[in-house]
Amino acid sequence: MVLRNHKKIIGILGAVIVISVSGILGNRVWRGLKTLNEQKEKEPVITERYVRPEQRSHEKSKPGIYQQSALKYTEEHGYVSEDIWTSWEELEKQGIVSIQDGILSTEMDDNDGNYKAMEYITGAVVLPDDVKTVAKGTFGNCNISELVVPEGVKDIGENAFAGCGDLIRISLPESLKNIGAGAFSGCGVIHLKVPGGVEKIGMDAFYDCKIENLKIPDSVKKIGSGAFEGITHIEYKGTAAYKKDSKYWGAKSMN
C-alpha cells in the first residue's frame with residue numbers, strides 16, 4: 001500500500017515538473033527542444049571525408065591546381081569533398097603566374113615575397129608540360145599539399161617551394177638536373193625519391209624536412225652545405241665531399 005502511494009506521488013511530481021517547465025518555456029519552445037533532440041539523433045556524424053576516386057592524388061595528372069571545395073553531404077558517401085581545377089592559362093590571365101620561354105615564375109614584391117601565389121595557389125599542383133625552370137621563390141610559403149613536376153623540367157630554383165609546410169607529396173622527373181638552394185626547405189615531405197639525373201643539390205635544399213631516409217643518386221656531383229639538415233639518414237656513394245663544418249651535409253647519419 002505504501003509502495004503504491006509512493007509511485008502515485010512520483011507520477012504526480014513528474015507531471016508537475018513537465019507542466020512547470022512547459023509553462024516557463026512555453027509550449028512552442030518545449031516542442032522545439034524535443035524536435036532538436038530528435039534531429040540531433042538523426043544527424044550523421046562526420047567520421048571521415050570521402051574523396052571521389054577519380055580525384056585522388058594519383059589521378060591528378062592534368063596540369064593545373066586542384067583546390068578542395070567545401071564539404072557537401074550525400075546520401076551515398078556522407079560528406080564529400082570535390083576538387084576545383086584551375087588551368088595555368090587561367091592563372092596567367094589573372095596575373096598570378098607567368099610562363100615565358102619555359103620559365104615559370106610569379107610576381108615578387110620588394111621583399112622577394114610572392115604575395116599573389118601565396119594568396120591563390122593552394123592544394124595539389126601539377127606543373128605545366130612546357131616548363132623547363134621553376135624560378136626563384138615562385139611557390140614559397142604557399143599552402144600546397146602535393147606537387148607533380150612533369151618530365152622536361154630541368155631546374156628548380158632557389159627557395160622555389162621553401163616554407164610549404166603542408167607539402168607532403170612530391171614527384172620529381174628524371175629530366176631534373178638542379179635542385180636549387182633552399183628549394184624544398186621547411187616542407188612537410190616525409191618520403192622522397194631524388195631522380196637519377198640530378199647533378200647538383202644546393203645549400204639547405206631540404207633543410208628542416210621530415211624525411212627519415214633519403215637516397216641520393218651517384219649522378220649528384222655537387223651538394224651544398226646543410227642540404228640535408230634535419231634529415232635522419234642519407235644513402236650516397238657519389239664523389240661529392242662535405243665540409244668539416246657540415247658533416248653529411250647536415251644529415252644525422254650516412255652510408
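**Exercise 1. Salt bridges**

Count the salt bridges in this predicted model, taking a salt bridge as a side-chain nitrogen of Lys or Arg within 4 Å of a carboxyl oxygen of Asp or Glu, and state how exposed each partner is.

*Solution.* Under this criterion, two salt bridges are found. One of them joins Glu-107 to Lys-116, with the closest N and O atoms 3.1 Å apart. The other joins Asp-208 to Lys-210, where the closest N and O atoms are 3.9 Å apart. For the exposure, residues are called buried under 20% relative accessible area, exposed over 50%, and partly exposed in between (1.4 Å probe, protein chains only). Glu-107, with a relative accessible area of 40%, is partly exposed, and Lys-116 falls into the class of partly exposed residues at 22%. Asp-208 is partly exposed at 39% relative accessibility, and Lys-210 is partly exposed at 48%.

The model is predicted, so local features need pLDDT of at least 70 and side-chain atom pairs count only at pLDDT 80 or more, while totals for chains, interfaces and linings use all residues. Residues are numbered from 1 along each chain as its sequence is written, and side-chain values use heavy atoms, with hydrogens and water left out.

**Exercise 2. A charged patch**

Identify the residues that form the negative surface patch, and place Asp-129 relative to the strands around it.

*Solution.* A patch is made of residues with over 30% relative accessible area and no salt bridge, like charges being joined within 9 Å and nonpolar side chains (Val, Leu, Ile, Met, Phe, Trp, Tyr) within 5 Å. The negative patch consists of Glu-89, Glu-92, Asp-129 and Asp-130. Of these, Asp-129 sits in the loop between β8 (122-126) and β9 (133-134), where strands are DSSP runs (E, at least two residues) numbered from the N terminus. Asp-129 counts as exposed, because its relative accessibility is 53%.

**Exercise 3. The surroundings of β8**

Determine how β8 pairs with β2 and with β10, and decide whether β8 is largely enclosed or left open.

*Solution.* Two strands are said to pair if DSSP finds at least two bridges between them. β8 and strand β2 (residues 64-68) run antiparallel and share three bridges, with Gly-64 having Val-126 of β8 as its bridge partner. With strand β10 (residues 143-148), β8 pairs in the parallel sense over five bridges, and here Val-126 is matched by Val-148 of β10. Four of the five residues of β8 are buried, so the strand is largely enclosed by the rest of the structure.

**Exercise 4. An open sheet**

Give the strand order of the open three-stranded sheet, and name the strands that stand at its edges.

*Solution.* The order is β15-β17-β18, and the pairing is parallel. β15 (213-215) and β18 (253-254) are the edge strands, each having a single partner strand, so one side of each is left without a neighbour in the sheet. Strand β17 (residues 233-235) and β18 run parallel and are joined by two bridges, and Ile-234 has Met-254 of β18 as its bridge partner.

**Exercise 5. Positive phi**

Locate Asp-101 and Asn-159, two residues with a positive phi that are not glycine.

*Solution.* Asp-101, whose phi is near 55 degrees, is in the loop between β6 (98-100) and β7 (103-105), and at 79% relative accessibility Asp-101 is exposed. Asn-159, with a phi of about 55 degrees, belongs to the loop between β11 (155-156) and β12 (169-171), and at 29% relative accessibility Asn-159 is partly exposed.

Definitions and conventions:
Accessible areas come from the Shrake-Rupley method with a 1.4 Å probe; for residues, only the protein chains shown count as cover. Lys and Arg count as positive and Asp and Glu as negative; His and the chain ends are not counted. The place of a charge is taken as NZ of Lys, CZ of Arg, CG of Asp or CD of Glu.
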